[in-house]
Amino acid sequence: MQIEWLSAGIDFGIIGLLIALNVIVVAIGLERAFFYRGVKPESFKSIKALELTLTKRLVVIASIASNAPYIGLLGTVLGIMLTFYNIGLDASADVGKIMIGLALALKATAAGLVVALISVVAYNMLLRKAKVLLLEWEIARG
């Protein structure tokens, strides 16, 4: 009994989750970038208040960056397990089917790595801009 629906569920579930996480990263990144453009460091009385405002939601981007590869790896492991299960059901499975199954399983890892790379770049850019704004506040306050 082949369980193609499980393969599609793993594929679309993991890839879908990674796409959703990437959308979240891009949305937060754009929101923060536009916010940083308009922030006036001198309008804050305390550097701690400025820091809290500037680093808001950056932890979400950092969490996605650190966990996206693991989500992709989970998809790959589940895909490989499913491929081996299907091989066990059909002992005469040819090499082409096996390679296709393994290649499709690996796309989850690739997707996880892409999401992680985008997240790390966004996080580093936003953190750098936040540090610059904090330094501007310190310079303005002497």
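Okay, one term before we start: a pocket here is an open set of grid points with protein on both sides within 12 Å along at least five of seven lines. With that in hand, the second largest pocket in this protein has a volume of about 190 Å³. I'll come back to that pocket in a minute. And just so everyone knows, what we're looking at is a predicted model.

Let's take the overall fold. The protein has four helices and zero strands, so reading along the sequence you simply get α-α-α-α. Now, the outline. If you put a box around the C-alpha atoms along the principal axes, that box is roughly 75 × 20 × 20 Å. The radius of gyration fits into that story too: the protein has 22 Å, where a compact globule of 142 residues would be near 14 Å.

What about contacts along the chain? Counting contacts with a separation of 6 or more, 86% of them join residues 24 or more positions apart. As for burial, 31% of the 142 residues count as buried. The accessible surface comes to about 8800 Å², and 72% of that belongs to carbon and sulfur atoms.

Right, on to the pockets. The largest pocket has a volume of about 480 Å³. Its lining takes in 22 residues, and the ones that lie nearest the centre are Ser7, Thr83, Asn86, Gly101 and Leu104. Which helices supply at least two residues each to that lining? Those are helix 1, which runs 4–38, helix 3 at 58–89, and helix 4 at 95–141. Helix 4 gives the most, with eight residues. If you sort the lining by class, you get 10 nonpolar, seven polar and five charged residues.

Now back to the second largest pocket, as promised. Here helix 1 and helix 4 each supply at least two lining residues. Which helix has the largest share this time? Helix 1 does, with six residues. You can go and find the lining yourselves on the structure: it includes Val25, Val26, Gly29, Ala33, Tyr36 and Arg37, along with Ile118, Ala122, Met125, Leu126 and Lys129. By class, that lining has eight nonpolar residues, one polar and two charged.

So, to put the two side by side: helix 4 contributes the most to the lining of the largest pocket, while helix 1 has the largest share in the second largest. That's my tour, and I'm happy to go back to any part of it.

Terms used
Residues are numbered from 1 along each chain as its sequence is written. This is a predicted model: local features need pLDDT of at least 70, side-chain atom pairs count only at pLDDT 80 or more; totals for chains, interfaces and linings use all residues. Side-chain values use heavy atoms; hydrogens and water are left out. On a 1 Å grid over the protein atoms alone, a cavity is a set of points where a 1.4 Å probe fits but cannot get out, and a pocket is an open set with protein on both sides within 12 Å along at least five of seven lines; lining residues have an atom within 4 Å of a point. Grid points are joined across faces, edges and corners, and a volume is the space filled by probe spheres set on the points. Ala, Val, Leu, Ile, Met, Phe, Trp, Tyr, Cys and Pro count as nonpolar, Asp, Glu, Lys and Arg as charged, and the others, Gly among them, as polar. The radius of gyration is taken over C-alpha atoms; the globule rule is 2.2 Å times the number of residues to the power 0.38. Buried means under 20% relative accessible area, exposed over 50%, partly exposed in between (1.4 Å probe, protein chains only). Contact means heavy atoms within 4.5 Å. Accessible areas come from the Shrake-Rupley method with a 1.4 Å probe; for residues, only the protein chains shown count as cover.
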